[in-house]
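Reader: I'm new to looking at protein models, and I'd love a close look at one part of this one. Could you take me through the salt bridges?

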Amino acid sequence: MYKIFSLGDSAICIQYEQVISQTLHANIINDYEKLLTEKFDFVKDIIPAYCSISIIYDFEKVKFISKKKSAFSFIKNWVLNCLQKTITPKIITREIKEIPVCYHKTFALDTENISANKNISIQELIELHYSKTYHVFMIGFLPGFPYMGLVDEKISFPRLNSPRNFLEAGSVGIAGFQTGIYPLNSPGGWNIIGKTPLQIFNPNLSNPCLINSGDQIKFVPISLSEFNQLNQHEH
């Protein structure tokens, strides 16, 4: 079930159950694909998240098309018609994307703190992080920043009380039961346990995000020397 409400005068939100669930998210991605299939030029963007889909639209175009109807009513009816389609859109089979990560202490700013607080060894922490396949629930905060989950309970850890002023692009972190990758140099409050040499966001590409909502991600541990080699190749 879901509810639909406006986000200002040029956006609408489809709100689903407020839980973090891969099953729910699979349904959200399915609805997202339906909306993409029926997308018209008055729709500027469609953004899936953990428990919602936001649709950004051109207010002037919608008002011109809708005539006496409000823009919200017009878009809401369009959304309902899309989601009630009996023809299921083509299901996209997403391959598991492997992301190399160097967990060397050079990049692992918070590994020792997590290890001490969770009473596990650094090696166990690292192994627990890369042993799982993660589902990408949404892209947000920064262009191309993937919110992934769920990490093992043994290594879940709250955000820093005070965010750092600067983190390097490629930094891999944990926040609660989520793990993510900083795509750009930026401030950040996640616990950093490693770094990938891959460029997660490249605005010069037709699809600038290396990782997209609905993807499956597997981290692959690499040595510091392997990191340096790959980093030279990427940059």
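Author: Let's start with a bit of vocabulary: a residue is called buried when its relative accessible area is under 20%, exposed when it is over 50%, and partly exposed in between. Also keep in mind that what you see is a predicted model.

Searching the whole structure turns up 4 salt bridges. Let's go through three, including the one between E124 and K154, where the closest N and O atoms are 3.7 Å apart. That still makes the cut, because a salt bridge needs a side-chain nitrogen of Lys or Arg within 4 Å of a carboxyl oxygen of Asp or Glu. E124 sits in helix α5 (residues 122-130), while K154 is in the loop between β7 (146-149) and β8, so this pair links distant parts of the chain, 30 residues apart. K154 has 45% relative accessibility, so it counts as partly exposed. E124, at 28%, is partly exposed as well.

Next up is R164 with D110, whose closest N and O atoms are 2.7 Å apart. R164 belongs to strand β8 (residues 164-167) and D110 to the loop between β5 and α4 (111-118), so this salt bridge ties together parts that are 54 residues apart in sequence. Here the two ends fall into separate classes: R164 is partly exposed at 23% relative accessibility, whereas D110 is buried, with a relative accessible area of 5%.

Then there's K97 with D215, and here the closest N and O atoms are 2.8 Å apart. You'll find K97 in strand β5 (residues 96-102) and D215 in the loop between β12 (191-195) and β13 (216-222), so the pair ties together parts that are 118 residues apart in sequence. K97 is partly exposed, at 23% relative accessibility, but D215 counts as buried because its value is just 3%.

What about disulfides? A search of the whole structure finds 0 of them. Take C82: its sulfur is 16 Å from the closest cysteine sulfur, the one in C13, and that's too far for a bond. C82 is also buried, with a relative accessible area of 2%. C209 is in no disulfide either, since the nearest cysteine sulfur, again that of C13, is 20 Å away. C209 is buried too, at 15% relative accessible area.

Conventions
Residues numbered from 1 in each chain as written. Predicted model: local features only at pLDDT ≥ 70, side-chain atom pairs only at ≥ 80, totals over all residues. Heavy atoms only, no water. Disulfide = S-S within 2.5 Å. Buried < 20%, exposed > 50% of the residue type's maximum accessible area, 1.4 Å probe, protein only. Helix = DSSP H or I, 4+ residues; strand = E, 2+ residues; numbered from the N terminus.
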